Amino acid sequence: RWALLERCLDSEAINSADILCLNEADYGMARSGNRHVPFEIAQRLGMTAVFGPCFYEYTKGIGDERLSPGENSTSLQGNALLTRLRVVENRNVVLPQCHDPASSEEKRSGGRAALIARLRTSRNTMFTLAVAHLEVLTTRRCRSRQLRAVLDEMGREGPAIIAGDFN
């Protein structure tokens, strides 16, 4: 659905954003034309991209994605931060595992993760941003453990934002 995504990228809301957070961003997957999706979007918007892989995919995906032409090139999927702000540091944090990723229809290895970055604004203030994707195939208790891990990794230094898919 790249053509639809390109039309969305023309919207004022996206073009004026200083930060975009992506979950399930493909990097070398046949279902997205083997694009490095976060980097292509960032380049088009004049932003910096940081990518944190979550899963190495052994299949093309699920449902109709399996009918995508060609094969996966890099086979990664993960979280991404696209920004116009200065990225001072970033790290990818693996979250507590709640579900075996190889046991579902979409065969893969790896696990849920949070991409955590320290950003500096034009006014020289710093804040922490986490882009997280919590497990859908689990309990609220396990998602709570995953969110606690994100909070612990972010620390308590200054303002912070958590974005993502909390399922």
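Between which two strands is the place of Asn124? In this predicted model, Asn124 sits in the loop that links strand S6 (113-120) to strand S7 (126-133). The legends below begin with this residue and continue through other close-up views.

**Figure 1. Asn124 in the loop between S6 and S7.** Asn124 has a positive phi of about 70 degrees, although it is not a glycine. The residue has a relative accessible area of 52%. Because the threshold for exposed is over 50%, Asn124 counts as exposed.

**Figure 2. Ser75 in the loop between S2 and S3.** Ser75 is not a glycine, yet its phi is positive, at about 70 degrees. Is Ser75 buried or exposed? With a relative accessible area of 5%, Ser75 is buried. Leaving aside neighbours within four places in sequence, the contacts of Ser75 are Tyr27, Gly28, Met29, Phe55, Tyr56 and Glu57.

**Figure 3. Strand S2 and its pairing partners, S3 and S5.** Strand S2 spans residues 48-57 and strand S3 spans residues 76-83. The two strands run antiparallel and are joined by eight bridges. Within this pairing, Pro53 of S2 has Gly78 of S3 as its bridge partner. S2 also pairs with strand S5 (residues 108-110), again in the antiparallel sense, over three bridges. Here the bridge partner of Tyr56 is Ser109, in S5. Seven of the ten residues of S2 are buried, so the strand is largely enclosed by the rest of the structure.

**Figure 4. The largest nonpolar core, with 15 residues.** In soluble globular proteins, nonpolar side chains tend to be buried together. In this model, the residues with the most contacts inside the largest core are Leu20, Ile41, Leu45, Met47 and Leu82. At least two core residues are supplied by each of helix H1 (2-9), strand S1 (19-27), helix H3 (37-45), strand S2 (48-57) and strand S3 (76-83). H3 provides the largest share, four residues. What does Ile41 touch, not counting residues up to four places away in sequence? The residues in contact with Ile41 are Trp2, Leu5, Leu9, Leu22 and Leu82.

**Figure 5. Another core, of ten residues, and Met154.** This core lies apart from the largest one and includes Ala114, Ala130, Ala149 and Val150. Met154 is found in helix H4 (residues 140-154). At 9% relative accessibility, Met154 is buried. Leaving out residues up to four places away in sequence, Met154 touches Arg91, Ile116, Thr128, Ala130, Ala160, Ile161 and Ile162. Ala130 thus appears both among the residues of this core and among the contacts of Met154. Between Met154 and Leu45, the C-alpha to C-alpha distance is 27 Å, and the separation in sequence is 109 residues.

**Figure 6. The largest pocket, with a lining of 29 residues.** The space in this pocket amounts to about 910 Å³. Nearest its centre lie Arg1, Glu24, Asp26, Arg31 and Glu65. Elements that contribute two or more lining residues are H1, S1 and H3. Which element gives the largest share of the lining of the largest pocket? That share, five residues, comes from S1. By class, the lining of the largest pocket comprises twelve charged, nine nonpolar and eight polar residues.

**Figure 7. The largest cavity, with about 60 Å³ of space.** Rolling a probe the size of a water molecule over the atoms shows where empty space is left. In this model, there is one cavity of 30 Å³ or more. The residues that line the largest cavity are Phe55, Leu95, Pro96, Gln97, Cys98, His99, Pro101, Gly110, Gly111, Arg112, Glu135 and Gln146. By class, five of these lining residues are nonpolar, five are polar and two are charged. Phe55, one of the lining residues of the largest cavity, is also in contact with Ser75, the buried loop residue of Figure 2.

Methods:
Residues are numbered from 1 along each chain as its sequence is written. This is a predicted model: local features need pLDDT of at least 70, side-chain atom pairs count only at pLDDT 80 or more; totals for chains, interfaces and linings use all residues. Side-chain values use heavy atoms; hydrogens and water are left out. A nonpolar core is a set of buried Ala, Val, Leu, Ile, Met, Phe, Trp, Tyr and Cys residues joined through side-chain atoms within 4.5 Å. Buried means under 20% relative accessible area, exposed over 50%, partly exposed in between (1.4 Å probe, protein chains only). Contact means heavy atoms within 4.5 Å. Two strands pair if DSSP finds at least two bridges between them. On a 1 Å grid over the protein atoms alone, a cavity is a set of points where a 1.4 Å probe fits but cannot get out, and a pocket is an open set with protein on both sides within 12 Å along at least five of seven lines; lining residues have an atom within 4 Å of a point. Grid points are joined across faces, edges and corners, and a volume is the space filled by probe spheres set on the points. Ala, Val, Leu, Ile, Met, Phe, Trp, Tyr, Cys and Pro count as nonpolar, Asp, Glu, Lys and Arg as charged, and the others, Gly among them, as polar.
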